Amino acid sequence: MATYEVEPIATVIGGHTRVQDDYQGGVESIIRLDDAFPLETLQGIEEFSHLTVTWHFHLARPEDVQLHARSPRGNPIWPATGTFVHRNHRRPNQLAISYPRLLKTDGRDLVVTDLDAVDGTPILDIAPYFAQMGPRGPVRQPAWPAEMLATYWLDASERP
């Protein structure tokens, strides 16, 4: 297989301080663009409400990868599903995509909320979210993701 080298373009500053499964909502953080990129690379981004952010699970270890079917979150009431049916750090490249809300820009800083990455996370790519690039047609999924993620976006301040 071919390999690719990717350099982070930004870093998450603040926000979540530890990895957690749920209560990801309502936390502000900053995506700080690296000094290597001119400010004009962000020109016009403030016109968008949401971003598409690709990031690396930098706290995960290569040995965390699991290439077999397993029940999500280890819960046997949900069906065992393969590695590429999960959206966690146990995937081979340990990458994630999130859609945080852009609150404001301040120079190299993109102030966002609802980014489920932790302080220090390397950001590999940033793009505005275009509604026209979202899924076309009806979206289909089994019931278990909605059950599993019922508290995912609840406000972090409500965490028990």
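**Notes on the predicted model**

1. First, the annotation. UniProt, in an unreviewed entry, puts a "domain: TsaA-like" feature at residues 6–138. Keep in mind that what we're looking at is a predicted model.

2. That annotated stretch is a strand affair: residues 6–138 come out as 29% strand and 0% helix. Its two end C-alpha atoms sit 34 Å apart.

3. Zooming out to the whole protein chain, you get seven strands and one helix. The order along the sequence is β-β-β-β-β-β-β-α, so if you trace the chain from the N terminus, you run through the strands before you reach the helix.

4. On overall dimensions, the radius of gyration is 17 Å, which agrees with the value near 15 Å that a compact globule of 160 residues would have. The C-alpha trace covers roughly, or "about" in the computed wording, 50 × 40 × 35 Å along its principal axes.

5. How is the chain held together in terms of sequence distance? Take the contacts in the protein chain with a separation of 6 or more: 74% of them join residues 24 or more positions apart.

6. As for inside versus outside, 33% of the 160 residues count as buried, which here means under 20% relative accessible area. The protein chain exposes about 10,600 Å², and 53% of that comes from carbon and sulfur atoms.

7. Last, charge. The protein chain carries 14 positive and 21 negative charges, and the mean positions of these two sets are 8 Å apart.

Conventions. Residues numbered from 1 in each chain as written. Predicted model: local features only at pLDDT ≥ 70, side-chain atom pairs only at ≥ 80, totals over all residues. Heavy atoms only, no water. UniProt positions renumbered as here; feature names shortened; annotations may be inferred. Helix = DSSP H or I, 4+ residues; strand = E, 2+ residues; numbered from the N terminus. Rg over C-alpha atoms; globule rule 2.2 N^0.38 Å. Buried < 20%, exposed > 50% of the residue type's maximum accessible area, 1.4 Å probe, protein only. Contact = heavy atoms within 4.5 Å. Areas by Shrake-Rupley, 256 points an atom, 1.4 Å probe, with all protein chains shown as cover. Lys, Arg positive; Asp, Glu negative; His and termini not counted. Charge placed at Lys NZ, Arg CZ, Asp CG, Glu CD.
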